[in-house]
Amino acid sequence: MLEATDRTDAPWHIVRSDDEKRARSNRIAPLPSRIPRRNVAPKKLKLPKRSRKVADDDPASLEGRRFVPENDGAAIVGGCL
């Protein structure tokens, strides 16, 4: 199969995998160098002024919301919930 499908435009790469962690690292390492890069200067963002009309922690805005029950730690046994 390798001989029939190994072409210069779509080559097969064989990775020795006696050590799987090292094999993955060896296979991934050359990939970033194949991606064309160009330096792009980040654009300066202009953010609008933050509105303080309604605060996120205003009790009226939190009314009717679902909260995760707070636990005082008494239900934690042996490090598990």
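Which side chains are joined by a polar contact of 2.6 Å? They are those of W12 and T5, and the notes below come back to this pair after a look at the whole chain.

1. **Confidence.** Please keep in mind that this is a predicted model. The mean pLDDT of the protein is 77, with 78% of its residues at 70 or more. Helix α2, residues 20–28, has the highest confidence, at a mean of 85. The lowest belongs to helix α4, residues 59–62, where the mean is 70.

2. **Overall make-up.** You will find four helices and zero strands here, so the pattern along the sequence reads α-α-α-α. Burial is scarce by the numbers: 1% of the 81 residues count as buried. The exposed area of the protein comes to about 9,200 Å², and carbon and sulfur atoms supply 54% of that area.

3. **W12 and its surroundings.** Back to the opening pair. W12 sits in the loop between α1 (2–5) and α2. Leaving aside residues up to four places away in sequence, W12 touches M1, L2, T5 and D6. Take L2 as one of these: 10 residues separate it from W12 in sequence, while the two C-alpha atoms are 7.2 Å apart in space. With T5, the link is the side-chain polar contact of 2.6 Å.

4. **A nonpolar patch.** M1, L2, W12 and I14 make a nonpolar surface patch of about 500 Å². Is W12 buried, exposed or partly exposed? Its relative accessible area is 43%, so W12 counts as partly exposed. In this way W12 combines a place in the nonpolar patch with a polar contact to T5.

5. **Salt bridges, in brief.** How many salt bridges does the structure hold? There are three, and each is worth a quick look in your viewer.

6. **R7 and D9.** In this salt bridge the closest N and O atoms are 3.2 Å apart. The partners fall into two accessibility classes: R7 is partly exposed at 46% relative accessibility, whereas D9 is exposed at 61%.

7. **D19 and R22.** Here the N to O distance of the salt bridge is 4.0 Å. If you recompute it, note that the cut-off is within 4 Å. D19 counts as partly exposed, with 36% relative accessibility, and R22 counts as exposed, with 55%.

8. **E20 and R24.** The side chains of E20 and R24 form a salt bridge at 3.4 Å, N to O. Both residues belong to helix α2 and stand four residues apart, about one turn of the helix. Helix α2 is also the one with the highest mean confidence, 85.

9. **S33 in helix α3.** Which backbone oxygen does the side chain of S33 reach? It is that of P30, at a distance of 2.7 Å. S33 itself lies in helix α3, which covers residues 31–34. With 63% relative accessibility, S33 counts as exposed.

10. **What to look at again.** Two spots sum up the local picture nicely. One is the W12 region, where the loop between α1 and α2 brings W12 into touch with M1, L2, T5 and D6. The other is helix α2, which holds both E20 and R24, partners in a salt bridge.

Conventions
Residues numbered from 1 in each chain as written. Predicted model: local features only at pLDDT ≥ 70, side-chain atom pairs only at ≥ 80, totals over all residues. Heavy atoms only, no water. pLDDT = per-residue confidence, 0-100. Helix = DSSP H or I, 4+ residues; strand = E, 2+ residues; numbered from the N terminus. Buried < 20%, exposed > 50% of the residue type's maximum accessible area, 1.4 Å probe, protein only. Areas by Shrake-Rupley, 256 points an atom, 1.4 Å probe, with all protein chains shown as cover. Polar contact = N/O pair within 3.5 Å; in protein donor to acceptor, adjacent residues only side chain to side chain. Patch = residues over 30% accessible without salt bridge, like charges linked within 9 Å, V, L, I, M, F, W, Y side chains within 5 Å. Contact = heavy atoms within 4.5 Å.
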